[in-house]
Amino acid sequence: MIEIRDLVVERGRRRILDLPALAVGAGDRVIVRGHNGSGKSTLLRVLAGLERDHRGRVEVAAPLRGRVFVHQSPYLFRGRVKGNLHFGLRARGLGRAERERRLAPWIAAFSLEALMGRRVGGLSGGEKRRVALARALVLEPALLLLDEPFSDLDAGRNRELAGVLGGLDATILIASPRPLELGADWREITLDAGRLLPDPTA
Amino acid sequence: MLREGLLEAGRLILSGDARVFDAALRTLWVSVAAVAIAAAVGIPLGCLVARREFPGRRALILCARTAMAFPTAFIGILCYSIFARYGVLGDLKLIYTSWAIVAGELLLALPIVFSMTQGSLSGLDRRVAETARTLGAGPIRTSLAMLSESRTGVLLGILTALARCMTELGIAVMVGGNIPGHTRTLAGAIVLETSRGEYERGLAMGLILLLMALGVTGILVILSFERGKEDRT
């Protein structure tokens, strides 16, 4: 799914990311560990196509529309929760009935029924997170890129999200500063100052 | 005098004075037409300049911001030299018509609408464009999402442009000619009444102009604000 060769991202003189090689297979689940500023968000952003200023080769076997990135602190558009959930489906030109049909399972999965008519300004951090995740997942991306998705959810919601992610077919990369207990089919890579640390289990 | 002005304003409005009504209506349609064209051109242009890097971008922004301070008399002379019978566009026979005023006010409004759009979009959280794009929005839908998120600033640009166009005098007098029943606007009428010593009438027309500004502002605010309150995350 992902082939990276000699990827370098620089901001001014600072080298944020320096990856000689990284490969992720289709359907793989990867946790990108690392401290703040280690380059994990940048890696996800490059893969999402949001960071165009880079050198090296990045091949992703999914079109841009098949990759969805969710920010560490997700942005919800002005208006109501419902409008946000419909945004990506509308961009794909789907009619109202089809949009509602595709959204229904995700509204249930993230318990958003009661929030649908609410304005986004009044939502809590965790509620915004759930809306943003549903808004992304309903698009059924082939490559899902989540930047610290567990940071503002409580333990119950974390289990809920872990369960949802476990049931997806997508290739998933999650950036996280903390270790995550997501199961045996998740592998972990660690970034430090933009470089990949050697895998201790290899 | 202020009291007499207020009374006169009330009397003029209630009696439906034909000349005042004519000038008020012209003021309104001329400035609305100018700002509508300015918005149709300036908002997409503002989006483009806010989102793309190209050579001369900074110079363009600087020029537009400087142009916001154009004295209307200067635009008036400029338009006069263009539309006058022997001017570059003299053949259009626009001089001393309301459409010449529209053209001049367009020059007044465009830098304002453009600069305010470009400025508010440039100051927008970068996650807005990124979220729209990663959710599959194309360039146009992404721009629309950005405009919607910064609608307060864009609307303020439109209102500022309308306010300047409705109250400006230099353009209306120079390319319009301040001809009663033909090209006279309220601002032109105020000057004329005052120069004739009819201070109360001048004051009254000023108050009518203010009332119109209040009405237009109110309509725009209701149209675009009401659903946006406190929604920013």
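Student: What makes Leu144(A) a partner of a residue in β7(A) in this model?

Tutor: In this predicted model, Leu144(A) stands opposite Ile172(A) in β7(A). The pair belongs to a wider pairing, since five bridges join strand β6 (residues 143-147) of chain A to β7(A). Two strands count as paired once DSSP finds at least two bridges between them, so the five bridges of β6(A) and β7(A) meet the criterion. The two strands run parallel.

Student: What makes the β-α-β crossover from β6(A) to β7(A) right-handed?

Tutor: The chain passes from β6(A) through helix α5 (residues 155-166) of chain A and on to β7(A). A crossover is right-handed if, with the strands pointing away from the viewer, the path from the first strand over the helix to the second runs clockwise. The crossover through α5(A) is assigned as right-handed, so by that convention its path is clockwise.

Student: Why is β7(A) described as largely enclosed?

Tutor: A residue is buried if 20 or more other C-beta atoms lie within 10 Å of its own. Five of the six residues of strand β7 (residues 171-176) of chain A are buried, so the strand is largely enclosed by the rest of the structure. Strand β3 (residues 29-33) of chain A also pairs with β7(A), in parallel and over five bridges. Within that pairing, Ile31(A) has Ile174(A) as its bridge partner in β7(A).

Student: How do you know that β3(A) pairs with β8(A)?

Tutor: Five bridges link β3(A) to strand β8 (residues 186-192) of chain A, in the parallel sense. With at least two bridges required, the count suffices, so β3(A) and β8(A) are paired. One of the bridges sets Val30(A) against Arg187(A) in β8(A).

Student: Why do β8(A) and β9(A) qualify as paired strands?

Tutor: Two bridges join β8(A) to strand β9 (residues 195-196) of chain A. The criterion asks for at least two, so this pair satisfies it. The strands run antiparallel, and Leu191(A) has Leu196(A) in β9(A) as its bridge partner. Two residues lie between the strands of this hairpin, where Ala193(A) takes a positive phi near 50 degrees.

Student: What makes β2(A) and β4(A) edge strands?

Tutor: The open sheet concerned has three strands in the order β2-β1-β4 (chain A), with antiparallel pairing. β2 (14-24) and β4 (55-60) of chain A each pair on one side only, which is what places them at the edges. Strand β1 (residues 2-11) of chain A pairs with β2(A) over nine bridges, and Leu7(A) stands opposite Leu19(A) in β2(A). α1(A) packs on this sheet, touching β1, β2 and β4 of chain A, and its direction makes about 120 degrees with that of β1(A).

Student: How do you know that α1(A) is mostly covered?

Tutor: Nine of the nine residues of helix α1 (residues 40-48) of chain A are buried. Each therefore has 20 or more other C-beta atoms within 10 Å of its own. The buried residues include Lys40(A) and Arg45(A) as well as Leu44(A), Leu47(A) and Ala48(A). The helix is followed by Gly49(A), which has a positive phi near 85 degrees.

Student: Which residues have the most contacts inside the largest nonpolar core?

Tutor: They are Ala134(A), Leu145(A), Ala109(B) and Val113(B), in a core of 113 residues. Helix α5 (residues 98-122) of chain B supplies the largest share, 14 residues. Leu145(A) touches, among others beyond four places in sequence, Leu44(A), Leu47(A) and Leu173(A). As a general tendency, nonpolar side chains of soluble globular proteins are buried together.

Student: How do you know that chain A touches chain B?

Tutor: Two residues are in contact if their C-beta atoms lie within 7 Å. By that test 21 residues of chain A are in contact with 19 residues of chain B. α2(A) gives the most to this side of chain A, with three residues. By class, the side has eleven nonpolar, four polar and six charged residues.

Student: What makes chain B a chain of helices without strands?

Tutor: Chain B has eleven helices and zero strands. Its C-alpha trace spans about 65 × 45 × 25 Å along the principal axes. Of its 233 residues, 42% count as buried.

Definitions and conventions:
Residues are numbered from 1 along each chain as its sequence is written. Chains are lettered from A and ligands numbered from 1 in the order in which they are written. This is a predicted model: local features need pLDDT of at least 70, side-chain atom pairs count only at pLDDT 80 or more; totals for chains, interfaces and linings use all residues. Helices (H or I, at least four residues) and strands (E, at least two) are DSSP runs, numbered from the N terminus. Ala, Val, Leu, Ile, Met, Phe, Trp, Tyr, Cys and Pro count as nonpolar, Asp, Glu, Lys and Arg as charged, and the others, Gly among them, as polar. A nonpolar core is a set of buried Ala, Val, Leu, Ile, Met, Phe, Trp, Tyr and Cys residues joined through C-beta atoms within 7 Å. A residue is buried if 20 or more other C-beta atoms lie within 10 Å of its own, exposed if 12 or fewer, and partly exposed in between; C-beta atoms are placed from the backbone. Axes are lines fitted to C-alpha atoms, for helices over the stretch in contact, and angles run from 0 to 180 degrees between N-to-C directions.
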